[in-house]
Amino acid sequence: MLRRLLQPFWILLAIIFLIEAWLWDHLEPIVARVVAMIPLRTFKQWLADRVDSLSPVMTLIVFIVPVIPLFPLKLVGFWLLAHEYWLSAALTIIFAKFLGVGVAAFVFDVTRPKLLEMQWFERLYDFVIELRAKAAALVDPIKLRIKEAFNGAGWSSRMLRLIQRFRKSVHEAR
């Protein structure tokens, strides 16, 4: 019974996790293109050379620190939200999210080999990869049903009756 009640929560959590993973996957190539266009390639090489000389624990600090300056940007977004600047708040929060994931993907690409030298980090990394696969397995059937519904193959007779009833009630209200 409890499992059935918690299923929507787990599905929502899986969807959020997959959105994060999707952002990570799709922002990493964009960041790579930006690095190629501006002189960040030399910065990436410089950072990689410095990371090679660091211990894994110090590398963890290098991985975490670049995301910290983005926190005030998110606070600005929430301040805008509190003062009912809806569009500005949404754009600021979305920009901070994209920038944070992009920076994290860039830095993680440089620091991954050194971070994976720590056993606990490697276990955590493997756990996140497994969790991502489980989340995808949980959400894939729902995505398939949604695709079928939009393609017309998934419209049940009950759904069509509900739509017909809704249309009829709208026409009667006029």
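**Exercise 1. Two helices side by side**

Find how closely the axes of helix H3 (residues 56-64) and helix H5 (residues 86-115) come together, and at what angle they cross. Then decide which word describes their relative direction: parallel or antiparallel.

*Solution.* Step 1: the axes of H3 and H5 come within 9 Å, and they cross at roughly 175°. Keep in mind that this is a predicted model.

Step 2: angles over 145 degrees count as roughly antiparallel. H3 and H5 are therefore roughly antiparallel to each other.

Step 3: now list who makes the contact. From H3 come Pro56, Thr59, Leu60, Val62 and Phe63, while H5 brings Ala104, Val107, Phe108, Thr111, Lys114 and Leu115.

Step 4: sort these residues by character. The contact of H3 with H5 holds 8 nonpolar residues, 2 polar ones and 1 charged one.

**Exercise 2. A polar residue in the contact**

Take Thr111. Is it buried or exposed, and which residues does it touch?

*Solution.* Step 1: place the residue. Thr111 sits in helix H5.

Step 2: compare its accessibility with the cut-off. Buried means under 20% relative accessible area. Thr111 has 0% relative accessibility, so it counts as buried.

Step 3: look around it. Leaving out residues up to four places away in sequence, Thr111 touches Val51, Thr59, Val62 and Phe63. Thr59, Val62 and Phe63 are also among the H3 residues in the contact with H5.

**Exercise 3. Aromatic rings**

How many aromatic pairs does a search of the whole structure find? Describe two of them, and say how accessible each ring residue is.

*Solution.* Step 1: the search finds 5 aromatic pairs. A pair of aromatic rings is described by the distance of the centres and the angle of the planes.

Step 2: begin with Phe63 and Phe108. Their ring centres are 5.4 Å apart and the planes make an angle of 55°, a tilted pair. This pair links distant parts of the chain, since Phe63 belongs to helix H3 and Phe108 to helix H5, 45 residues apart.

Step 3: check the accessibility of both. Phe63 counts as buried because its relative accessibility is 18%. Phe108, with a relative accessible area of 6%, is buried too.

Step 4: go on to Trp120 and Phe121. Here the centres are 5.8 Å apart with 80° between the planes, which makes the pair edge-to-face. Trp120 has 43% relative accessibility and counts as partly exposed, whereas Phe121, at 8%, counts as buried.

Step 5: put the rings together. Phe63, Phe108, Trp120, Phe121 and Tyr125 form one aromatic cluster.

**Exercise 4. Helix H4 and what follows**

What span should the 12 residues of helix H4 (residues 71-82) have, at 1.5 Å a residue? Then examine Glu84, just after H4.

*Solution.* Step 1: the expected span is 1.5 Å times one less than the number of residues. For H4 this gives 16 Å, and the end C-alpha atoms are 17 Å apart, which agrees.

Step 2: move on along the chain. Glu84 lies in the loop between H4 and H5.

Step 3: read its backbone angle. Phi of Glu84 is near 65°, a positive value in a residue other than glycine.

Step 4: check the surface. With 55% relative accessibility, Glu84 counts as exposed.

**Exercise 5. Two more residues of H5**

Which residues do Thr92 and Phe98 contact, apart from those within four places in sequence?

*Solution.* Step 1: Thr92 is found in helix H5. Its relative accessible area is 15%, so Thr92 is buried.

Step 2: Thr92 touches Leu73, Val76, Gly77 and Leu80.

Step 3: Phe98 is also in helix H5, but at 36% relative accessibility Phe98 counts as partly exposed.

Step 4: Phe98 is in contact with Leu23 and Leu27. The C-alpha atoms of Phe98 and Leu27 are separated by 7.6 Å, although the two residues are 71 residues apart along the chain.

**Exercise 6. The whole chain**

How many helices and strands does the protein chain have, and what percentage of its residues is buried?

*Solution.* Step 1: count the elements. The chain has 7 helices and 0 strands, giving the pattern α-α-α-α-α-α-α along the sequence.

Step 2: turn to burial. Of the 174 residues in the protein chain, 20% are buried.

Step 3: consider contacts with a separation of 6 or more. Residues 24 or more positions apart account for 72% of them.

Conventions:
Residues numbered from 1 in each chain as written. Predicted model: local features only at pLDDT ≥ 70, side-chain atom pairs only at ≥ 80, totals over all residues. Heavy atoms only, no water. Axes fitted to C-alpha atoms, helices over the stretch in contact; angles between N-to-C directions. Helix = DSSP H or I, 4+ residues; strand = E, 2+ residues; numbered from the N terminus. Parallel < 35°, antiparallel > 145°, perpendicular 65-115°, else oblique. Contact = heavy atoms within 4.5 Å. Nonpolar A, V, L, I, M, F, W, Y, C, P; charged D, E, K, R; others polar. Phe/Tyr/Trp six-rings, centres within 6.5 Å; stacked < 30°, edge-to-face > 60°. Buried < 20%, exposed > 50% of the residue type's maximum accessible area, 1.4 Å probe, protein only.
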